[in-house]
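Please look over the model shown here, with attention first to the contact between its chains and then to its metal site.

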Amino acid sequence: MLLIRCPYCEEERPELEFRNAGEAHIARPTNIAAESDDDFEKFFFIRANPKGVIYERWRHIHGCARFFNAVRDTVTDKFVMTYKAGEPKPAKLPGAPK
Amino acid sequence: MNAAFRISGAGRLSQAKTASFSFDGKPYTGIAGDTLASALLANGVHLVGRSFKYHRPRGFLSAGAEEPNALVQIVRDDARKTPNVRATVQELYDGLIANSQNRWPSLAFDVGAVNDIASPMFSAGFYYKTFMWPKWAWKDLYEPKIRAAAGLGVSPEKPDPDHYASRYAHCEVLVLGGGAAGIASAVAAAETGVRVILADEQAEFGGSLRFESGARIDGQDGYAWAQAAIARLKAMDNVRVLSRTTAFGYYAQNFVGLVERVSDHIKNPGRELARERLWQVRANRVVIATGAIERHMVFANNDRPGVMLASAARTYLNHYGVAVGRNVGVYTANDSAYAAAIDLKKAGVNIAAIVDLRDNPSGPVIDEARALGIEINFGRAVVSAGGKLRVSSMTVQPKNGGGGRTIPVDAILMSAGWTPSVHLFSQSRGKVAFNEESKRFVPGAYAQDCVSVGACNGADGLDATVDEAYAAGAKAAKEAGGKVGKGAKPKVDAGESWSRGMLGAGPGAGPGTTVKAFVDFQNDVTAKDIRQAVHEGMHSIEHVKRFTTNGMATDQGKTSNMHGLAIAAEELGKPIPQVGLTTFRAPYTPVTFGSIVGHARGALFDPTRRTATHGWAARQGAVFEDVGHWKRAWYFPKAGEGMHAAVNRECVTVRKVGGLFDASTLGKIEVVGPDAAKFMELLYTNPWEKLESGRCRYGIMLREDGFIYDDGVVGRLAPDRFHVTTTTGGAPRVMNHMEDYLQTEFPHLNVWLTSITEQWAVIAVQGPKSRDIIAPLVEGIDMSDEAMPHMSVREGKICGVPTRLFRMSFTGERGFEVNVPADYGEAVWEALWAEGQKHGATAYGTETMHVLRAEKGYIIVGQDTDGTVTPNDAGLDWAVGKKKTDFVGIRGLTRPDLVAKGRKQLVGLKTKDPKVVLEEGAQIVADPKQPIPMKMIGHVTSSYWSENCGRSIALALVAGGRDRMGQTLYVPMPNGTIEVEVTGMVFVDEKGERLNG
Ligand SMILES: [Zn+2]
């Protein structure tokens, strides 16, 4: 069982308290009704599904109930970091080469 | 009286306390502290099982958890018959009953042994080749026969009456393994004051100190030192010591699963003791001290009862005081078997000969053996064991061939060397590395905060082991926040050294031979099988493993993996690391389902949710159905009524008079705040801004892809307050969906969401008399049609308690839904029921609710929709706000596929024969005469007998359904094809006049 740090509760809690909510940093278009078919497809259906570092959303559903973002390595399952919803994608990851 | 093979003065058990037991019905006597294995061996019993495939007689290979052969069934009673128990692990208790497995009619005469003679048929991969064709034969012939012949034990006939405990624990340092290394690590860590958990799978701590007669630490015998150290650790507040506890799985972030065998060793455990306890431990640092496992020698008939690991014979002698034979041969490729020969010789057992594959080894143990007068043969091999139910001789030849001689023996002790137990390290996702010099896989790169110490880390010798382990324990504790300890490192005065050995098949079992030289005893895999797998094209060890099943039995190849790998590598002409080691997976040893499940079974398997009126309904004799976690009243049969009659009566009574229905399980969410209406506009397809306070609207929620996600009636209580209802099953996900958008896409909206499902009990009162039933109990609400029209909501009091009174209908009749605080739900229901009785109203359940709504063509999301249905498909286009510029799903609705012609649309179906009720889920075709496979154009989503209509009714999703009105379609069923007519979805009161009736 993974330990996940909730950036709102500011502590590591067991995975059972959380639920994954898919890839992060995919903003809903402000004028979504005017999106082309291709753009809507990219927004709604296409996901990166990378081997390695993924930016994804989690919800502390059995805790503070907040959605937040996490950086996780899909190979090792290790969480690199977590940060609050609405914050930008981190420019640099902890432990990454400078 | 002593059992025949118990040696007085040897071992650590007190002979004072005896224990009676039986094996295959025959009574025996052992002593307290025995395992089933040591007790049987003390009585001279070696033959304990038959092998899985060839039904060959088998005895004890080991004295521990790695045992592949001695699997027995332990019987306590009808409900407790545990199969596949390793006799080497099962502790003896007075009255223990054990039976052998996989033999018929008896252990000594087993009909299945014909498989051994016919073994050319059963070589590697035989399951894959033999039983492929014909296809029918698998189910009717092969599978039942194989199961009968190759059973491993018998299942109990009754549910398991034992209970299983579960604990979570946290510590700074978790030490896995309680031999010299584990104890030294635990002592070092404990001295720093941090929380330490030390676990070992055996009943007593000490690991190999149980048999290493020469070990001395801190001036004491090694085993005595271990017991003293454990006693000190147990006395410390910061240390938890767990014996009989196996670490079976190493998971992410130092999360380790351990199972503690609490009462399998006790005669009458009683109900207060759990059988096993699952420990789920999160540790800051883990010290892996899992030791090493001795390997057997691979030679012909090396599976005969009496042929065993040298360290096992030593354990039986030095710990249990049991000699495994009277005239013992030794076959070895390393030093450690000499120690077994020396200990046995000193205990008075004749050592017939030591056969050493090495050419000219030297060292103190060899000198000592020679000094004791033991015959030693260098550069020679045991090429075959004689005997059948028990080994009777060994045939010895020069290792490079030449004349042999046969030496009579009643046991052969063997040692090919020691395999570090890297199982848990590997499970932690660490990468093992092959040490070319020692021919061992040892821990390489680490993936987690753990460290391996001692023999599992390739340490040679007790001195090196204790040094390394003590330092690692102190370091782990320090890294986890411990202070500097004040203790001193244990001092090793004398100890034995792990030596090298050999991998793969010995002389006489090499390439080109066809003898039965077993690599994997439990799955009956021989050296020849592995070579054959390579010849048939298996070039990766993972393929060899699957083709031969080497290492795939319940012992997971603890003794066989390295031999199998070496034989495959030799055959492939590649170095061992290039062929690769198979991946180790949890569990390390078999784990019972009981310990995993714990208390989560029966009534505690899943939570049960009951509504406020549950007790009332139960007293009325309601039949309940499970809807998610909820228990819902399904129907209320009167005396002598079946379901059909009860539902017909309920359906008719509701439309004629009225009925009461508990709708409390519907999800309820309060949407509150200055931007509540804006939020509702975005989450539902309908317009909300202009909905007046006090009015209700049927809302549809979509996903972004345009498909229906949920629906429900929404009441606006105030400009900033909506009372939203959801489907019963949809409540949690709708809440999650709303929170997701509110927190992440529309965080600028000032809105709060609160689940109020459990706070309000909901009593639906439906039917022409519904207002007459409710009105006498209501205060402060004008319930006239003018003041309170259909689809309105009022707040007031009923029976003196607050109510949110909705006028709404899921039956098509005049109807109300009375929301009251859940605590008053039952009392208000009883008051309404008393009023209803005056009019002849009925209580009705979910079945009648379903029929009545289907008569009106009201859909149930999840039954009439399946996640690919749009509002238009469902005939609900009217509920989509055409002037709206945004809502979740607005763009999805215009996707090409969603506006294409020919989509499946919801329609009504009437069977040509009104008495025939269609099956829900049945497929629909346009032409019943077309060849199979037919083109299916839709399916039945809802189907009922409607007593009100005097016929069956159905709803269905049919391609282009609304253009097919009046058409005849067909529903092919196993008993014939049913003709149906496509109709509208409303079967009762098409004009909707009854809403005000
Ligand atoms: Zn939180």
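**Interface and zinc site**

Across the interface of chain A and chain B, four salt bridges are found, each being a side-chain nitrogen of Lys or Arg within 4 Å of a carboxyl oxygen of Asp or Glu. This is a predicted model, in which local features need pLDDT of at least 70 and side-chain atom pairs count only at pLDDT 80 or more, while totals for chains, interfaces and linings use all residues. Residues are numbered from 1 along each chain as its sequence is written, chains are lettered from A and ligands numbered from 1 in the order in which they are written, and side-chain values use heavy atoms, with hydrogens and water left out.

**Chain A with chain B**

- One salt bridge joins the side chains of A:Arg28 and B:Glu704, at 2.7 Å from N to O.
- The contact (heavy atoms within 4.5 Å) involves 29 residues from chain A and 28 residues from chain B.
- The two chains bury about 2,200 Å² between them, 49% of it on carbon and sulfur atoms, where buried area is the accessible area (1.4 Å probe) lost on being put together, summed over both parts.
- In chain A, the most area is lost to chain B by A:Met1, A:Arg28 and A:Phe67, together 31% of what that side buries.

**Zinc ion**

- The protein donors, counted as N, O and S atoms within 2.8 Å of the metal (3.2 Å for Na, K and Ca), are A:Cys6 (SG), A:Cys9 (SG), A:His60 (ND1) and A:Cys64 (SG), lying 2.0 to 2.3 Å from the zinc ion.
- The donors follow the spacing C-x2-C-x50-H-x3-C along the chain.
- The site is tetrahedral (four donors with all angles between 85 and 135 degrees), its angles being 106 to 115°.

How values were computed:
Four donors count as tetrahedral if all angles lie between 85 and 135 degrees; four count as square planar and six as octahedral if opposite donors are over 155 degrees apart and all others between 65 and 115; anything else is irregular.
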